[in-house]
Amino acid sequence: MIRPILRFGDHDLQTPARPVAAITGEIQHLIDDMIETMYAAPGVGLAAPQVGVPLRLFVVDTSVGSNPRDLLVLVNPEFVEREGMQIEDEGCLSVPGFSANVARPARVVIRGLDRTGDVVSCEGAGLLARAFQHEMDHLDGRLFLDRLRGLKRHLIVRKIQKLKRTGKW
Ligand code: NI
């Protein structure tokens, strides 16, 4: 089932998520819904807080469904390594219609549980490293807008506020 994606301005997006205590049937259901929601959007990643569930869990697929092996589900992920820096244009399903250059690590290794509860390590460079860091930020109640310099952030927020006033957000 496709779940509604919360948008910038929703308090749930700014709230740090708590660890998943156990991978229950309910969590499996949530994971399925998140994958479906990510592909429908379409997007390369989706974190549970974006669908209003304050748990440390995200899904990523840099191929957006074209390569099944690229689908990753990370539960209670943590960074093991982060190195280098890349600056690329970045957007977010919770901030539709906007993007900006964001500095991110060039390479990361994260460790967490997969959907079967096994411990997995995932290494990512380039877009995958960016996606990992972006989704980890969601779990900490942070959006890419929070990584921008004040003026750039202000300009986007002001445009969003204007959209809100006219009922378009
Ligand atoms: Ni996002």
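These legends walk you through several close-up views of a predicted model. Residues are numbered from 1 along each chain as its sequence is written, and side-chain values use heavy atoms, leaving out hydrogens and water. As the model is predicted, local features need pLDDT of at least 70 and side-chain atom pairs count only at pLDDT 80 or more, while totals for chains, interfaces and linings use all residues.

**View 1. The nickel ion is held by Cys92, His134 and His138.** Look for the SG atom of Cys92 and the NE2 atoms of His134 and His138, which lie 2.1 to 2.2 Å from the nickel ion. Donors here are N, O and S atoms within 2.8 Å of the metal (3.2 Å for Na, K and Ca); water is not among the atoms, so sites may look incomplete. Along the chain, the donors follow the spacing C-x41-H-x3-H. Cys92 sits in the loop between β4 (86-91) and β5 (99-104), whereas His134 belongs to helix α2 (residues 127-139), so the pair links distant parts of the chain, 42 residues apart. Helices (H or I, at least four residues) and strands (E, at least two) are DSSP runs, numbered from the N terminus. Cys92 is buried, with a relative accessible area of 10%, and His134 is buried as well, at 7%. Buried means under 20% relative accessible area, exposed over 50%, and partly exposed in between (1.4 Å probe, protein chains only).

**View 2. Gly91 in strand β4 has His134 among its contacts.** Gly91 counts as partly exposed, at 36% relative accessibility. Neighbours within four places in sequence aside, Gly91 is in contact (heavy atoms within 4.5 Å) with Phe98, Ser99, His134 and Phe144.

**View 3. Arg104 in strand β5 makes polar contacts with two acidic side chains, Glu90 and Asp137.** Strand β5 is where you will find Arg104, which counts as buried at 3% relative accessibility. The side chain of Arg104 meets that of Glu90 at 2.6 Å and that of Asp137 at 2.8 Å. A polar contact is a pair of N or O atoms within 3.5 Å; within protein, one must be able to donate a hydrogen and the other to accept it, and residues adjacent in sequence count only if both atoms are side-chain atoms. Beyond its neighbours within four places in sequence, Arg104 is in contact with ten residues' worth of surroundings, including Arg130, His134 and Arg147.

**View 4. Five strands form an open sheet in the order β1-β2-β3-β6-β7, with antiparallel pairing.** Two strands pair if DSSP finds at least two bridges between them. At the edges stand β1 (45-47) and β7 (119-125), each with a single partner strand, so one side of each is left without a neighbour in the sheet. Four bridges join β2 (residues 57-60) to β3 (residues 72-83), and Phe58 stands opposite Leu74 in β3.

**View 5. Helix α1 (residues 25-40) lies across β1, β2 and β3.** The largest nonpolar core has 16 residues, and Leu30, Met34, Leu57, Val59 and Val73 have the most contacts inside it. Such a core is a set of buried Ala, Val, Leu, Ile, Met, Phe, Trp, Tyr and Cys residues joined through side-chain atoms within 4.5 Å. Helix α1 gives the most to this core, with six residues.

Conventions
Axes fitted to C-alpha atoms, helices over the stretch in contact; angles between N-to-C directions.
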